[in-house]
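You asked for a quick read-through before you start clicking around. Here are my notes, point by point.

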Protein chains: 2
Amino acid sequence: MQFKKITIIGLGLIGGSLARALKESEEVETVFGIDSDKESVQYAIDKGIIDKGSSDIKEGVPGAEIIVVSTHVGIITDTAKSIFPAATEGSIITDVGSVKSSIVKGIEQALPDNIHFIGGHPIAGTEDSGVKSADSKLFNGRRCILTPTAKTDLEAKRKVSSMWESVGSEVHEMDAETHDHIFGVVSHLPHIVAYSLINTVLKAQDSEDLLEFAGGGLKDYTRVSASSPQMWVEIFKANKSHLLDAISMFKNSLQEIEDAITSEDFDTLKKELDKAAKTKRGL
Amino acid sequence: MQFKKITIIGLGLIGGSLARALKESEEVETVFGIDSDKESVQYAIDKGIIDKGSSDIKEGVPGAEIIVVSTHVGIITDTAKSIFPAATEGSIITDVGSVKSSIVKGIEQALPDNIHFIGGHPIAGTEDSGVKSADSKLFNGRRCILTPTAKTDLEAKRKVSSMWESVGSEVHEMDAETHDHIFGVVSHLPHIVAYSLINTVLKAQDSEDLLEFAGGGLKDYTRVSASSPQMWVEIFKANKSHLLDAISMFKNSLQEIEDAITSEDFDTLKKELDKAAKTKRGL
């Protein structure tokens with residue numbers, strides 16, 4: 001066993017899956033789960049997803065070597081700050097947020113000297129949510145990005161890496177701004193675009209007729225944004241500046257295609273589509 | 001058997017699948033296949049997809065009760081016109097193009113009095129193409145839209161409906177402009193958007209890094225546009241005006257979301273996302 005106690009705050013899909021995967025890894029003596037929803041805690045105890053649980057941060061945080069904040073993006077920073085007083089000296093806080101710069105800055109600015117922090121983002125998820133969807137294989141073979149800074153303790157980084165590796169993840173490191181730029185383009189922008197596309201249909205006068213024929217292509221956008229709007233608003237808010245850059249880039253690309261159609265420059269249009277199609281086949 | 005001879009021009013995925021499905025339906029005495037590619041014709045004969053075949057329109061068209069033009073959208077009108085001289089009096093021409101107004105107008109304007117025409121669009125397809133992907137179940141349970149006009153012969157409409165029903169399709173009727181508006185929004189626009197999104201990534205300075213993390217959401221756009229760029233250029237060209245309207249509607253929806261993010265109006269943003277998410281779950 002590598003770890004005596006790991007505490008997970010927020011028993012949703014990600015937190016619950018991490019708890020379950022850590023239990024199965026047999027690398028942790030005690031997996032402690034904290035959630036404000038008492039039913040989720042009880043469910044996790046009953047199903048053996050966690051060893052112990054509570055709705056009180058003061059109960060689960062002391063003695064934990066690693067505390068994983070796996071709440072919604074919008075409250076990760078405040079949740080992390082709220083556990084500083086209860087955390088044992090030398091313990092490591094990490095998180096699972098899809099946006100990193102604002103979280104890493106917010107937590108590092110307030111971090112006491114005797115507690116460590118490193119930001120994390122496991123690239124995993126499904127359309128489901130909640131502890132009942134917890135899946136011990138969720139992180140298996142998937143990447144987990146850690147975003148160390150100049151302040152990051154190397155031993156803390158090693159331990160958090162080791163935790164993710166023990167659930168099958170492949171750990172990558174990059175700085176938080178690079179992370180937010182990349183995921184602004186490859187993840188957050190596609191969601192913005194999918195939402196915009198669906199709203200285009202909803203705002204049309206004949207939206208019911210349009211929806212009846214959604215199988216024509218629109219339906220493929222369903223999976224992209226089946227997850228919680230609240231979660232996405234928090235992500236868009238936290239990654240505002242990179243996301244606005246990504247939207248601006250996208251608008252330029254759309255404009256080029258629109259211009260080619262308007263001016264009937266079908267050779268250029270064909271070239272644009274060829275480039276995209278080739279890339280997609282390679283993904 | 002309802003039909004003595006049905007001729008299909010263009011043995012691609014749609015034409016080949018229709019031939020195979022008609023053979024299996026046992027409602028057609030002779031399914032005749034025409035394709036400029038001699039290998040496709042030979043393959044279709046060898047595999048029993050068609051009863052007879054040729055690369056010469058003059059060989060397959062005479063005596064056919066229904067002639068289905070299933071070439072690429074860009075050459076449907078000219079192909080239909082080219083068979084007028086060879087068609088037997090009273091025979092019915094139909095097509096499978098994803099765009100209808102321009103095709104229906106072009107063919108009806110030139111149509112001789114003794115030949116009938118009705119436009120069609122089977123809502124079916126896969127990422128595959130070519131006669132080797134021919135699937136007799138492709139149209140089973142899928143819609144086929146027919147676009148009759150004031151000039152359409154009712155008996156011709158009945159026969160073409162009956163042909164599609166015999167391969168399992170549910171036949172809908174609408175006028176060609178309505179069809180092109182609806183599919184401009186629900187099918188052509190999503191493809192434009194997917195192409196634009198992929199090109200956004202390709203044009204970025206760090207496109208290789210971005211592509212490495214495409215699993216974050218971008219990859220969901222793959223399926224939408226895995227089909228042939230040439231085919232889509234022809235569709236975009238043929239449906240230019242409805243498509244430009246659809247792009248304009250989409251840009252407005254995107255702008256509303258962008259404005260909400262810029263002005264940090266997250267209540268409005270949440271409302272926009274909620275509407276979209278609810279719809280998607282219902283699709």
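1. One bit of vocabulary first: a residue counts as buried if 20 or more other C-beta atoms lie within 10 Å of its own. Keep in mind, too, that this is a predicted model. With that in hand, look at α7(A): 24 of its 28 residues are buried, so by that cut-off the helix is mostly covered.

2. Stay with α7(A) for a moment, as the helix isn't straight. It has a kink of about 50°, and the centre of that kink is A:Gly184.

3. Now for the two chains together. In the contact between them, 68 residues of chain A meet 68 residues of chain B. On chain A's side, at least two residues each come from α7 (176–203), α8 (207–212), α9 (229–238), α10 (240–262) and α11 (266–282). The top contributor is α7(A), which puts in 18 residues. By type, chain A's side splits into 40 nonpolar, 14 polar and 14 charged residues.

4. How are the two copies related? Chain A lands on chain B after a rotation of 180° with 0.0 Å of shift along the axis, and the RMSD is 0.0 Å. The copies are thus related as by a two-fold rotation axis. They also meet through the same surface, because 100% of the interface residues of chain A are interface residues in chain B as well.

5. Some overall numbers for chain A. It has 11 helices and 8 strands, and its C-alpha trace spans about 70 × 40 × 30 Å along the principal axes. Of its 283 residues, 51% are buried. Looking at contacts in chain A with a separation of 6 or more, 73% are between residues 24 or more positions apart.

6. Strand β4 (residues 66–69) of chain A deserves a look. A:Ile66 and A:Val68 point one way, A:Ile67 and A:Val69 point the other way, and all are buried. On one pairing, β4(A) runs parallel to β1 (residues 3–9) of chain A over 4 bridges, with A:Ile6 opposite A:Ile66. β4(A) also pairs in the parallel sense with β5 (residues 92–95) of chain A, again over 4 bridges; there, A:Val68 has A:Thr94 as its bridge partner.

7. Switch to chain B to see a whole sheet. What is the order of its 8 strands? Reading across, you get β3-β2-β1-β4-β5-β6-β7-β8, in an open sheet with mixed pairing. β3 (52–54) and β8 (170–173) of chain B are at the edges with a single partner strand each, so one side of each has no neighbour in the sheet. On average, neighbouring strands are turned by 25° against each other, direction ignored.

8. At the β3(B) edge, the pairing with β2 (residues 28–34) of chain B is parallel and covers 3 bridges. One detail to find on screen: B:Gly33 has B:Gly53 in β3(B) as its bridge partner. Elsewhere on chain B, helix α5 (residues 101–110) lies across β5 (92–95), β6 (116–122) and β7 (143–147), at about 165° to β6(B).

9. Last stop: B:Phe84, in the loop between α4 (73–83) and β5 of chain B. Is B:Phe84 buried or partly exposed? Partly exposed, because 17 other C-beta atoms lie within 10 Å. Beyond its neighbours within four places in sequence, B:Phe84 is in contact with B:Pro112 and B:Ile115. B:Lys275 is another matter: its C-alpha atom is 50 Å from that of B:Phe84, with the two 191 residues apart along the chain.

Notes. Residues numbered from 1 in each chain as written. Chains lettered and ligands numbered in written order. Predicted model: local features only at pLDDT ≥ 70, side-chain atom pairs only at ≥ 80, totals over all residues. Least-squares fit on C-alpha atoms with pLDDT ≥ 70 in both. Contact = placed C-beta atoms within 7 Å. Nonpolar A, V, L, I, M, F, W, Y, C, P; charged D, E, K, R; others polar. Bend = angle between axes of the 7 residues up to and from the residue. Buried ≥ 20, exposed ≤ 12 C-beta atoms within 10 Å, placed from the backbone. Pairing = 2+ DSSP bridges. Axes fitted to C-alpha atoms, helices over the stretch in contact; angles between N-to-C directions.
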